[in-house]
Amino acid sequence: MRKTVTEHQATAANREILVKIFESGISQSKRVGVEMEHELVRQGSGAPVPYAGEQGVEVLLESLKEAYKEVTPVHEDGTGGILGLARTGHTITLEPAAQFEISMRPYHRLADVAAEYRDFRRTLDPALERIGAETPFLGYHPTAKVDDLALIPKFRYRSMDRYFMGISHWGRSMMRGTASLQVSVDYKHEDDAIAKMRAASAIGPVLYLMLDNAPVFEGAWRPHHIMRAACWQGCDPDRCNVVPGLFDEGFDFEAYADYVLATPPILVPDPSQEVGWRYTGSQPVNDIYAERAMTPAEATHVLSMLFPDVRLKEYLEIRQADAVKPELALAYVALIKGLLYSDTAIRDLSQMAESFDDATVPAMKQAISERGYEAVLLAGTPYEQTAAELADDLVARAERSLGDDEYELIFPLKELVADRRTPAQSWENPYEQGPHGAHL
């Protein structure tokens, strides 16, 4: 069901500000932007690497400063540490429990994405070796429980933790334990943006499955498939999962703007506060800015505080995949590029989604959670099929639409799907701690 907002003095102005941000993204480009999160663990044991300490993430970032042109200082709580780095081509930021994220600039060519990531690793890997750490490429921490994972010194994350704890335990798992792979794409016009949102959301449960890479959950073998999806599913219904009303006729930029306005941002910028932020709890954006228009920085912030499977900014962000090894990550990026820049695929997937409502995607996730590739989806409709059949179709469509210089990049993912295996099922446990046994 679409979210509605009470019309305050500044509601129309703020709705327009958000719509203009979405309109600013309209482009004929066909770029992909990639964000890869990484769990950091100790070599050998898989124990978590904290932010602070002699061999912590703060020390790691300090050691990388010379290779980066821009450093993001932390002034909160008087720590004086750093939480981010940037140079031409990519930025480094930290997720709530010091997961290491690289955000790459959007590229037209997948070869450039691969080259950017290799450049990042050439700098990162020697620094990791010096502190005895590694990145295991998993969607959930391989040994630790959330109580073992401390938050980094950032008001945003302390605020989110406080807020989510009032809803369920899943928010703590999402913030501290998970790591993801996110792909951003362009849209040609408003209708194209909505069609791509619907298509990517409709196939989202199968995307979760194809890149399901959380074999361990809270220090034990996971209880079911797509654990990271479960973390998001239970985290906060106001801001996660599928955008309410997305599959309704007439959903548009204004409807997404109303979704933003009706959602609590949890915290907002506030120069009058010592840390520059103010906790706002359950107060929605529309009420916080009831009497004045948001600044560009405020509007950008509130957009960043929604976490649906497919997020709209001045681009579309596809958020379902777990963190995986680089070769498989590139294959997934190729899948997304091949599907969402194919007019035929968007048309056909949009037609499939015409019968969807707000309950359809959660039901698909539940079925896949229980049965994996054997799950029957969309039963009783013309599109009834197994998750395996839909995955096969998506891979074939993407492969056909990619150019001669890129279609082979999808092969690692194609091979996994053909074997009806997920990355989690192929994982061999190398750590002294955590679950025992060779593989899942």
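**Reading a predicted model by its definitions**

Tutor: Helix α12 and helix α16 (residues 411–418) pack with their axes 7 Å apart, at an angle of about 90 degrees. Please bear in mind throughout that this is a predicted model.

Student: What makes the two helices α12 and α16 parallel, antiparallel, perpendicular or oblique to each other?

Tutor: One sets the angle against the cut-offs. The angle is about 90 degrees, and the range from 65 to 115 counts as roughly perpendicular. Therefore α12 and α16 are roughly perpendicular to each other.

Student: Which residues of α12 and α16 make the contact?

Tutor: On the side of α12 they are Glu 327, Leu 328, Ala 331, Tyr 332 and Leu 335, and on the side of α16 they are Pro 412, Leu 413 and Leu 416. Seven of the residues in this contact are nonpolar, one is charged and none is polar.

Student: How do you know which class Tyr 332 and Glu 327 of that contact belong to?

Tutor: Tyr is listed among the nonpolar residues and Glu among the charged ones. Tyr 332 and Glu 327 both belong to α12.

Student: At what angle do α4 and helix α5 (residues 170–177) pack?

Tutor: Their angle is about 150 degrees, and their axes are 8 Å apart. Angles over 145 count as roughly antiparallel. The conclusion is therefore that α4 is roughly antiparallel to α5. From α4, the contact draws on Tyr 157, Met 160, Asp 161, Phe 164 and Met 165; from α5, on Gly 171, Arg 172, Met 174, Met 175 and Arg 176. These divide into six nonpolar, one polar and three charged residues.

Student: Let us turn to the sheet. In what order do its eight strands lie?

Tutor: The order is β3-β4-β5-β6-β1-β8-β16-β15, in an open sheet with antiparallel pairing.

Student: What makes β3 and β15 the edge strands?

Tutor: Each of them, β3 (70–73) and β15 (310–312), pairs on one side only. From one strand to the next, the twist averages 20 degrees.

Student: How do you know that β3 and β4 count as paired?

Tutor: Pairing requires at least two bridges between the strands. Strand β3 and strand β4 (residues 82–87) have four bridges, in the antiparallel sense, so the requirement of at least two is met. One of the partnerships is that of Val 71 with Leu 85 in β4.

Student: Which helices lie on this sheet?

Tutor: Two can be described. Helix α6 (residues 190–202) lies across β15 and β16 (316–322) and runs at about 10 degrees to β16. Helix α12 (residues 326–340) packs on the sheet too, where it touches β1 (32–38), β8 (180–185) and β16, and its direction makes about 30 degrees with that of β8.

Student: Is Ser 184, a residue of strand β8, buried or exposed?

Tutor: The cut-off for buried is under 20% relative accessible area. Ser 184 has 12%, so Ser 184 counts as buried. Beyond its neighbours within four places in sequence, Ser 184 is in contact with Arg 31, Val 32, Gly 33, Tyr 315, Leu 316 and Glu 317.

Student: Why is Tyr 383 given its class of exposure?

Tutor: Partly exposed lies between the 20% and 50% cut-offs. The relative accessible area of Tyr 383 is 30%, so Tyr 383 is partly exposed. Tyr 383 lies in the loop between β17 (376–377) and β18 (385–386).

Student: What is noted about the phi of Phe 137?

Tutor: Its phi is positive, at about 55 degrees, although Phe 137 is not a glycine. Phe 137 is in the loop between β7 (133–134) and α4 (155–165). Its relative accessible area of 16% makes Phe 137 buried. Ile 266, in strand β12 (residues 266–269), also has a positive phi, of about 75 degrees, without being a glycine. At 0% relative accessibility, Ile 266 is buried.

Student: Finally, how do you know how compact the protein is?

Tutor: One compares its radius of gyration with the globule rule. The radius is 21 Å and the rule gives 22 Å for 440 residues; these are close, so the protein is as compact as a globular protein of that length. The protein holds 16 helices and 18 strands, and buried residues make up 60% of its 440 residues.

Note on methods:
Residues numbered from 1 in each chain as written. Predicted model: local features only at pLDDT ≥ 70, side-chain atom pairs only at ≥ 80, totals over all residues. Heavy atoms only, no water. Axes fitted to C-alpha atoms, helices over the stretch in contact; angles between N-to-C directions. Contact = heavy atoms within 4.5 Å. Parallel < 35°, antiparallel > 145°, perpendicular 65-115°, else oblique. Rg over C-alpha atoms; globule rule 2.2 N^0.38 Å. Buried < 20%, exposed > 50% of the residue type's maximum accessible area, 1.4 Å probe, protein only.
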